[in-house]
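Student: Please show me how to read the features of a model, one at a time.

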Amino acid sequence: MGMSQVIKLVAVAFLTAVGLGLFIVGCAAYKNWLPMISLIPYIFTLAPLMICGIYKKEDDFLSDSPQETWLQLISQFIVGLFGGSAVALIAVMMHAKMIDAVVAAFVFPSFFLMSIAVFLLMWVLRKSAEDAAF
């Protein structure tokens, strides 16, 4: 693993820490911890990609073609479903008046930062898998 990939992983950790910090501050400031429920689908965001083999080497014995298989495409859809449901859960809670708009104003940017971190992590893992193949 090169130094540039370490810097990218540090950036992912920093974005995740800032996002979770914003999330916790938004919940703690108004003593309303219901938005923490929306972290549950967000925790499992990358699990389908890891299980379905998005980050495998090209010479892996399980891969029969260099193109994406239907299982990998379904796993990418499930990742979008998890990410979308985490954000939609906050919007539903705000619409139902379970949380204040100020709490949602803290939580939505935190999801944005953590989503950038997830996409950056996916990119770093894909690059490291491509570099390992050579």
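The dialogue below takes up secondary structure, burial, a pocket and a surface patch.

Tutor: This is a predicted model, in which local features need pLDDT of at least 70, side-chain atom pairs count only at pLDDT 80 or more, and totals for chains, interfaces and linings use all residues. Residues are numbered from 1 along each chain as its sequence is written, and side-chain values use heavy atoms, with hydrogens and water left out.

Student: How many helices and strands does the secondary structure of the chain come to?

Tutor: Elements are DSSP runs numbered from the N terminus: helices are H or I with at least four residues, strands are E with at least two. Here the chain has 5 helices and 0 strands, in the order α-α-α-α-α from the N terminus.

Student: What share of the residues of the chain counts as buried?

Tutor: Buried means under 20% relative accessible area, exposed over 50%, and partly exposed in between, with a 1.4 Å probe and protein chains only. Of the 134 residues, 30% count as buried.

Student: Is Ala 86 buried or exposed?

Tutor: Ala 86, in helix α4 (residues 70-95), has a relative accessible area of 0% and is therefore buried. Its C-alpha atom is separated by 9.6 Å from that of Ile 43, 43 residues apart along the chain. Gln 72 is also found in helix α4; its relative accessibility is 5%, so Gln 72 counts as buried. Between the C-alpha atoms of Gln 72 and Cys 52, 20 residues apart along the chain, the separation is 5.8 Å.

Student: Which residues line the second largest pocket?

Tutor: On a 1 Å grid over the protein atoms alone, a pocket is an open set of points where a 1.4 Å probe fits, with protein on both sides within 12 Å along at least five of seven lines; lining residues have an atom within 4 Å of a point. The lining is made by Val 12, Thr 16, Leu 20, Leu 39, Tyr 42, Ile 43, Thr 45, Leu 46, Met 114, Ala 117, Val 118 and Leu 121. Two or more of these residues come from each of α1 (3-29), α2 (39-43) and α5 (101-133), and α5 gives the largest share, 4 residues.

Student: Which residues make the nonpolar surface patch?

Tutor: Such a patch joins nonpolar side chains (Val, Leu, Ile, Met, Phe, Trp, Tyr) within 5 Å, from residues with over 30% relative accessible area and no salt bridge, that is, no side-chain nitrogen of Lys or Arg within 4 Å of a carboxyl oxygen of Asp or Glu. Met 3, Val 6, Ile 7 and Val 10 make a patch of about 390 Å², an area from the Shrake-Rupley method with a 1.4 Å probe. Met 3 lies in helix α1 and counts as exposed because its relative accessibility is 60%.

Definitions and conventions: Patches are made of residues with over 30% relative accessible area and no salt bridge: like charges are joined within 9 Å, nonpolar side chains (Val, Leu, Ile, Met, Phe, Trp, Tyr) within 5 Å.
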